[in-house]
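Visitor: I would like to know what stands behind the terms used for this model. Could we take them one at a time, with the cut-offs?

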Amino acid sequence: MDISLQRRFFSSFKTIGSAKKVCDINSDVVVPDTKEDILRVVLTNADYMIRSKDVESGRVLVRGELKVSILYVPESGEGLCTLTTDIPFECEFEVESADSGCTAIAEMNLISVDTRILNPRKVMINAQVSVSQKCYCNTDFTWYTDPLDSIKNAFFKKNDTDIRFVNLVTEKTISIEDEIPVRDLDGEVQLISTPVSFFTDSADAVGSKFIVKGHAEVTATYLAEGKFENCGTTISFSQIFELPERDILPDYEAFILPTGNFFELSDGKLSFEIHAVIQIVCTETKKLEYIEDGYVCGAETLLGKEEKDVCVSERIMHLSETVQLSRSAEYGIEIIHCLSGVTGMPKVSGEEISVPIAVEIVYTSTDDQIRSFNADGSAKISAEIAENETIEGIYASITSLKPSISGMDVTVDASINIEAHVQVRSKVQFVCSAEYNEPDDRKAMPSIYMCRSEESDIWGIAKKYSSNVDMIKKINEIDHTTDTSNRLLVI
């Protein structure tokens, strides 16, 4: 005979796929007729953009573009020239149960970029970009509680647990326009690099509106009258998202990717227009009361159980470290003009996170030539991770680069920030169905047993002898402070 348990459910997002890949990008670039031949490359900069992310049947396809800027010394040996190009790339992830109704959250990070001269009119660009995606599908989380109608001599053991649920996965675009005053410029001006960094600062809920606030740090390096110049600014932004009906302000993670930008240096100002997509994942904790076990006295009881892998807690671990990178220059250093750095793929070993770092340094040598060289190293950061915790994702960034010169040697202090997403997951068994079969021939059974309990598990004893937990406690004068281990009980 079936026991009609109460079905409970609510809508949430389930992760159906998560992966990270390194995308190798290679492209030949021919110097246009309007540019001089290349003698040597001084600096290679690259900025990534996301163009699209499509969820299709069984896969997620992320497309992007690398905007590469090459600064080089022409064969004439006079001045500096720039060469720019856009290189498209794509990364495909297999996600077995994905379809067009799912949503993917993507992240990117430039790992490396360099230029190799093939001949004075042609170079090869080699770059690596890490691309990660997490695919979410909207689904119902289902569990069961006690039946509505009471059944004689039926008992159910209840338990509860905190479970983290994703209740919103969505995205919106932002556009930022502004200008930075610069000193009056005469003659030819060349933009060398225009990196943009995005940060989220806070979030507020006003009714059903979820307002994410952040800022963008815009910097630019340009060449004017043969000299390197720098300028920058910080701009605040906000975006409004619609929240599902919830009682509390959810926790959230924001992933911001640039989708395009435009910079123009003229009339004593740097004008720019920046476009990006803000992807957010909102999470909240629910305490679920569920059925763990059950039985019907004097009857064979059959329980259907479902095991679910759930997140019970999570946190964002913020770490920082400053690492020194040292390198001897082949030529004497007169002055350092600019530095640019990239971080490689973070690796976790025990309680240590290792982040590869590469810094490119542009300088004027003592023979009055513009040159460059690389300094490589690795930041090793201790992370306190409990035995039951796992790191689900790591993002590393360089926050500052400070050089110092000593003769032919250069030391760079590189400050590294790390955000690690740490989770505790658990497997929980829910009773999802129950039925019982009454025996055809009821045999006379003793009404009183004597039992020595091996553990303090009154429920297990009651189930074994088809008794009642409350009755056992009453007869044996047991309360929540009583230790019943190895005690003789009347059942």
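Guide: β3 and β4 are joined by 16 bridges, and the pairing runs antiparallel. This is a predicted model, in which local features need pLDDT of at least 70 and side-chain atom pairs count only at pLDDT 80 or more, while totals for chains, interfaces and linings use all residues. Residues are numbered from 1 along each chain as its sequence is written, and side-chain values use heavy atoms, with hydrogens and water left out.

Visitor: What makes β3 and β4 a pair?

Guide: Pairing requires at least two bridges found by DSSP between two strands, and β3 and β4 have 16, so they qualify as a pair. A strand here is a DSSP run of E, at least two residues in length, numbered from the N terminus. Among the bridge partners, I38 is matched with P74 in β4, and E56 stands opposite R59 in β4. The two strands form a hairpin with 2 residues between them, and G58 in the turn has a positive phi of about 80°.

Visitor: Which strands form the open sheet, and in what order?

Guide: The sheet holds 3 strands, ordered β3-β4-β5, with antiparallel pairing. β3 and β5 are at the edges because each has a single partner strand, which leaves one side of each without a neighbour in the sheet. From one strand to the next, the twist averages 15°, with axes taken as lines fitted to C-alpha atoms and angles running from 0 to 180 degrees between N-to-C directions.

Visitor: Why is the contact between E92 and R59 called a salt bridge?

Guide: The term asks for a side-chain nitrogen of Lys or Arg within 4 Å of a carboxyl oxygen of Asp or Glu. For E92 and R59 the N to O distance is 3.0 Å, so this pair meets the criterion. It links distant parts of the chain, since E92 is in strand β5 and R59 in strand β4, 33 residues apart.

Visitor: How do you know whether E92 and R59 are buried or exposed?

Guide: Buried means under 20% relative accessible area, exposed over 50%, and partly exposed in between (1.4 Å probe, protein chains only). E92 has 37% and therefore counts as partly exposed. R59, at 23%, is also partly exposed.

Visitor: How many salt bridges does the structure hold?

Guide: There are 22. One of them joins the side chains of K53 and E171 at 2.4 Å, N to O. K53 belongs to strand β3 and E171 to strand β8 (residues 154-181), with 118 residues separating them along the chain. E171 has a relative accessible area of 35%, so it is partly exposed.

Visitor: What can be said of E314 and R164?

Guide: Their side chains form a salt bridge of 3.0 Å, N to O. E314 is in strand β15 (residues 300-328) and R164 in strand β8, 150 residues apart. E314 counts as partly exposed at 23%, whereas R164 counts as buried at 14%. Elsewhere, D54, R63 and E90 are joined into one network by salt bridges that share partners.

Visitor: What makes T221 a buried residue?

Guide: T221 has 10% relative accessibility and therefore counts as buried. T221 lies in strand β11, residues 209-224.

Visitor: Why is the pairing of T221 with N230 called a polar contact?

Guide: A polar contact needs N or O atoms within 3.5 Å, one able to donate a hydrogen and the other to accept it; residues adjacent in sequence count only if both atoms are side-chain atoms. The side chains of T221 and N230 come to 2.8 Å, so the distance is inside the limit. Beyond four places in sequence, T221 touches residues including L191, F228 and C338, where contact means heavy atoms within 4.5 Å.

Visitor: Which residues have the most contacts inside the largest nonpolar core?

Guide: They are L66 and M108, in a core of 38 residues. Strands β2, β3, β4, β5, β6 and β7 each supply at least two of its residues. A second, separate core has 29 residues, I174, F210, I274 and C282 among them. A nonpolar core consists of buried Ala, Val, Leu, Ile, Met, Phe, Trp, Tyr and Cys residues joined through side-chain atoms within 4.5 Å.

Visitor: Where is G268 found?

Guide: G268 sits in the loop between β13 and β14. Its relative accessible area is 21%, so G268 is partly exposed. G268 touches I180, P181, V182 and R183, leaving out residues up to four places away in sequence. The C-alpha atoms of G268 and I180 are 8.7 Å apart, with the two positions 88 residues apart along the chain.

Notes. Helix = DSSP H or I, 4+ residues; strand = E, 2+ residues; numbered from the N terminus.
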